[in-house]
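Please open the structure in your viewer and keep the sequence at hand. The tour below proceeds by selection, one element after another.

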Amino acid sequence: MLRSCFEFNHRDSPWLTKHSIEIIEQHLTAKSTGFEWGSGRSTIWFAQRVKTIHSAEHDKHWFKNVSNELARKDLLNVTINMIPLNVRQGQDYVHAFDTLIPPPDFILVDGKLRDLCALRSLNLLKPGGMLIVDNINRFLPSDSRSPESVPKFDKPSSDNWDKFDQITSNWCKVWTCDGITDTALFFKPLSQEEISY
């Protein structure tokens with residue numbers, strides 16, 4: 001009920017938890033740059049607050065809708081790329097941002113191949129940057145009350161999520177829950193070295 005009320009009253013907000021949106025907004029500036037796997041309301045929302053946002057989208061219909069909305073709102077600080085998942089087993093999608101510099105201030109992982117994209121983001125993100133992972137309760141163990149959650153004492157949902165969990169074990173984390181889904185924010189240490197996986 002609370003989630004429905006929030007979404008009804010905040011129709012332009014990303015489909016993330018209310019608490020995570022509040023924290024994310026506090027960390028954004030007009031100079032911020034970001035990457036996101038999975039476009040949508042978040043793309044528009046970020047574009048209205050930051051310098052640049054690069055988005056990778058696998059779905060043609062969704063890509064067209066978001067592109068049209070960006071044009072309608074005259075948001076020119078977004079690069080959105082349509083990258084099918086059936087090419088090179090999704091590797092082009094996972095590595096969509098490899099050639100972009102400088103490292104982004106934030107990354108949102110909210111699309112397909114989420115475990116691979118979350119792992120890839122660890123080296124892409126600038127030290128001190130913010131990594132946002134939506135639906136985190138489906139992948140990492142927690143005491144979340146949201147549906148489809150991995151129970152607290154179980155293992156992560158895949159080997160890749162297990163690697164991600166181990167690598168980010170010393171990162172500052174904020175885990176938010178609204179009873180429907182969970183969004184986690186991971187803050188990369190300033191001294192983080194290149195990660196091998």
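Begin by selecting strand 1 and strand 4, which pair in the parallel sense over 4 bridges. This is a predicted model. Within this pairing, display Glu 36: the bridge partner of Glu 36 in strand 4 is Leu 108.

Next, add strand 5, which pairs with strand 4 in the parallel sense, again over 4 bridges. Leu 108 stands opposite Ile 132 in strand 5. While strand 4 is selected, show its side chains. Phe 106 and Leu 108 lie on one side, Ile 107 and Val 109 on the other, and all are buried, with both faces of the strand covered.

Return to strand 1 (residues 33-37) and add strand 2 (residues 52-57); the two pair in the parallel sense over 5 bridges. Here Phe 35 has His 54 of strand 2 as its bridge partner.

The view may now be widened to the whole sheet. It is an open sheet of 7 strands in the order 3-2-1-4-5-7-6, with mixed pairing. At its edges are strand 3 (78-82) and strand 6 (172-177), each of which pairs on one side only. From one strand to the next, the twist averages 15°.

Now select helix 6 (residues 114-124). Helix 6 lies across strand 1, strand 4 (106-109) and strand 5 (130-134), and runs at about 175° to strand 4.

Which residues touch the most other members of the largest nonpolar core? Select Trp 37, Leu 131, Phe 164 and Phe 186, which do so among the 26 residues of that core. Among the elements that each supply at least two residues are helix 5 (91-94), helix 7 (159-167) and strand 7 (182-187). Helix 6 gives the most, with 5 residues. Apart from this core lies another, of 22 residues, including Leu 16, Ile 23, Ile 44 and Trp 45. In soluble globular proteins, nonpolar side chains tend to be buried together.

Centre the view on Phe 186. Beyond its neighbours within four places in sequence, Phe 186 is in contact with residues including Leu 131, Val 133, Phe 164, Trp 171 and Cys 172.

Finally, select helix 4 (residues 60-72). Its 13 residues reach 18 Å from the first C-alpha to the last, close to the 18 Å expected at 1.5 Å a residue. At the N-terminal end, Asp 59 caps helix 4, with a side-chain oxygen 3.1 Å from the backbone nitrogen of His 61. After the helix comes Asp 74, whose phi is positive, near 55°.

Terms used:
Residues numbered from 1 in each chain as written. Predicted model: local features only at pLDDT ≥ 70, side-chain atom pairs only at ≥ 80, totals over all residues. Heavy atoms only, no water. Pairing = 2+ DSSP bridges. Axes fitted to C-alpha atoms, helices over the stretch in contact; angles between N-to-C directions. Contact = heavy atoms within 4.5 Å. Core = buried A, V, L, I, M, F, W, Y, C linked by side-chain atoms within 4.5 Å. Buried < 20%, exposed > 50% of the residue type's maximum accessible area, 1.4 Å probe, protein only. Expected span 1.5 Å × (residues − 1). Polar contact = N/O pair within 3.5 Å; in protein donor to acceptor, adjacent residues only side chain to side chain.
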